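The following note is intended for a colleague meeting this structure without prior knowledge of it. Its points move from the overall fold to individual residues.

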Amino acid sequence: MRRRDLAGTKLRVHPREKFDAYSTIRKAAIRQPSLMQNNNVLGFLFMLPAAVFLVCFLTYPLGLGVWLGFTDTRIGRDGVFIGLENYVFPG
């Protein structure tokens, strides 16, 4: 006797398991893909460290540079927000 699984492929059934519904359900549950076998989830998990690295070492310094461009900060003292005054051509 042959049966088909959910994908439509034929399964061989041992004669003792012909009428054993529990073994069929158990085998179907084992074949279910887990979350760690999903390619989308694995791709996201592998890209997560790179995304954290980019945020920490690229995005933060870029934002800080933009913020410092709008202040009159000098080394050793806090700056005051002056807006576009740093970008005005004196003349």
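1. Helices, such as the one called α2 below, are DSSP runs of H or I with at least four residues, and strands are runs of E with at least two; both are numbered from the N terminus. The model discussed here is a predicted one.

2. Overall composition. The protein chain contains two helices and two strands. Read from the N terminus, these elements follow the order β-β-α-α. The chain has 91 residues, of which 8% count as buried.

3. Extent of α2. This helix covers residues 39–69. With 31 residues at 1.5 Å a residue, α2 should span 45 Å, and the C-alpha atoms at its ends are 43 Å apart, so the expected and computed values agree.

4. Start of α2. The N-terminal end of the helix is capped by N38. The contact joins a side-chain oxygen of N38 and the backbone nitrogen of N40, with 3.1 Å between them.

5. Kink in α2. Where does the helix bend? A kink of about 35° is located at L48, shortly before the proline P49. L48 is itself a residue of α2.

6. Surface patch. L48 also belongs to a nonpolar patch on the surface, together with M36, F44, L45 and V52. The accessible area of these residues together is about 470 Å². Patch members must have over 30% relative accessible area. L48 has 38% and is therefore partly exposed, as its value lies between the limits of 20% and 50%. As a general point, an α-helix has 3.6 residues a turn, so residues three or four places apart point the same way.

7. T71, after the helix. Is T71, which lies in the segment after α2, buried or exposed? Its relative accessibility is 5%, and buried means under 20%, so T71 counts as buried. A polar atom of the T71 side chain lies 3.1 Å from the backbone oxygen of L68.

8. F70, after the helix. F70 is likewise placed in the segment after α2. At 25% relative accessibility, F70 counts as partly exposed. The C-alpha atom of F70 is separated by 5.8 Å from that of I82, although the two residues are twelve residues apart along the chain.

Methods: Residues numbered from 1 in each chain as written. Predicted model: local features only at pLDDT ≥ 70, side-chain atom pairs only at ≥ 80, totals over all residues. Heavy atoms only, no water. Patch = residues over 30% accessible without salt bridge, like charges linked within 9 Å, V, L, I, M, F, W, Y side chains within 5 Å. Areas by Shrake-Rupley, 256 points an atom, 1.4 Å probe, with all protein chains shown as cover. Salt bridge = Lys/Arg side-chain N within 4 Å of Asp/Glu carboxyl O. Buried < 20%, exposed > 50% of the residue type's maximum accessible area, 1.4 Å probe, protein only. Expected span 1.5 Å × (residues − 1). Bend = angle between axes of the 7 residues up to and from the residue. Polar contact = N/O pair within 3.5 Å; in protein donor to acceptor, adjacent residues only side chain to side chain.
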